[in-house]
Amino acid sequence: MLGRNESIHRSPVFSTNNLMKLTIYLVGDVDMDRLRAELARWLGHQKPTPSILFVAGLVGPSFRVQVDALAAL
């Protein structure tokens, strides 16, 4: 799920150490155990403030997850 963010994650300017807040928007049934495991893998020891919101829909019907991240550089 978070694999598409790997190019951002590998940026010389950005790292998960810079993350201050994550807002995750979810549509439909979501495996929360898998989500938590993916977040733990992606974030490592960093623990930004998370908000997880279930919404009726996103920009298109095929979109099920949106992640907004706030980072301090």
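These legends walk through several close-up views of a predicted model.

In this predicted model, local features need pLDDT of at least 70, side-chain atom pairs count only at pLDDT 80 or more, and totals for chains, interfaces and linings use all residues. Residues are numbered from 1 along each chain as its sequence is written, and side-chain values use heavy atoms, with hydrogens and water left out.

**View 1. The whole chain holds 2 helices and 3 strands.** Helices (H or I, at least four residues) and strands (E, at least two) are DSSP runs, numbered from the N terminus. Starting at that end, the elements follow the order α-β-α-β-β. Of the 73 residues in the protein chain, 26% are buried; buried means under 20% relative accessible area, exposed over 50%, and partly exposed in between (1.4 Å probe, protein chains only). Contact means heavy atoms within 4.5 Å. Among contacts between residues at least 6 apart in sequence, 84% join residues at least 24 apart.

**View 2. Confidence varies along the chain, from H1 to S1.** The score used here is pLDDT, the predictor's confidence in each residue, from 0 to 100. Its mean over the protein chain is 83, and 81% of the residues reach 70 or more. Please read H1 with care: confidence is lowest there, at a mean of 53, while S1 has the highest, at 93.

**View 3. Three strands form an open sheet in the order S2-S1-S3.** The pairing is mixed, and two strands pair if DSSP finds at least two bridges between them. Strands S2 (49-54) and S3 (65-71) each have a single partner strand and stand at the edges, so one side of each lacks a neighbour in the sheet. From one strand to the next, the twist averages 10 degrees. (Axes are lines fitted to C-alpha atoms, for helices over the stretch in contact, and angles run from 0 to 180 degrees between N-to-C directions.)

**View 4. S1 and S3 run antiparallel, joined by 7 bridges.** Here you can pick out Thr23, whose bridge partner in S3 is Asp68. Lys21 has Leu70 as its bridge partner in S3. Lys21 and Leu70 are 49 residues apart along the chain, yet their C-alpha atoms are separated by 5.1 Å.

**View 5. S1 and S2 pair in the parallel sense, over 6 bridges.** Tyr25 has its bridge partner, Leu53, in S2. On the way from S1 to S2 the chain passes through H2, and this β-α-β crossover is right-handed. Right-handed means that, with the strands pointing away from the viewer, the path from the first strand over the helix to the second runs clockwise. Helix H2 (residues 32-43) lies across S1 and S2, at about 155 degrees to S1.

**View 6. Lys21, in strand S1, is the centre of this close-up.** Lys21 counts as partly exposed because its relative accessible area is 31%. Leaving aside residues up to four places away in sequence, Lys21 touches Pro48, Thr49, Ser51, Asp68, Ala69 and Leu70. Its side chain makes polar contacts with the side chains of Thr23 (3.1 Å) and Ser51 (3.3 Å). A polar contact is a pair of N or O atoms within 3.5 Å; within protein, one must be able to donate a hydrogen and the other to accept it, and residues adjacent in sequence count only if both atoms are side-chain atoms.

**View 7. Ser15 sits in the loop between helix H1 (6-9) and strand S1 (19-26).** With a relative accessible area of 23%, Ser15 is partly exposed. Ser15 and Ala72 are 57 residues apart in sequence, and 9.9 Å apart in space, C-alpha to C-alpha.
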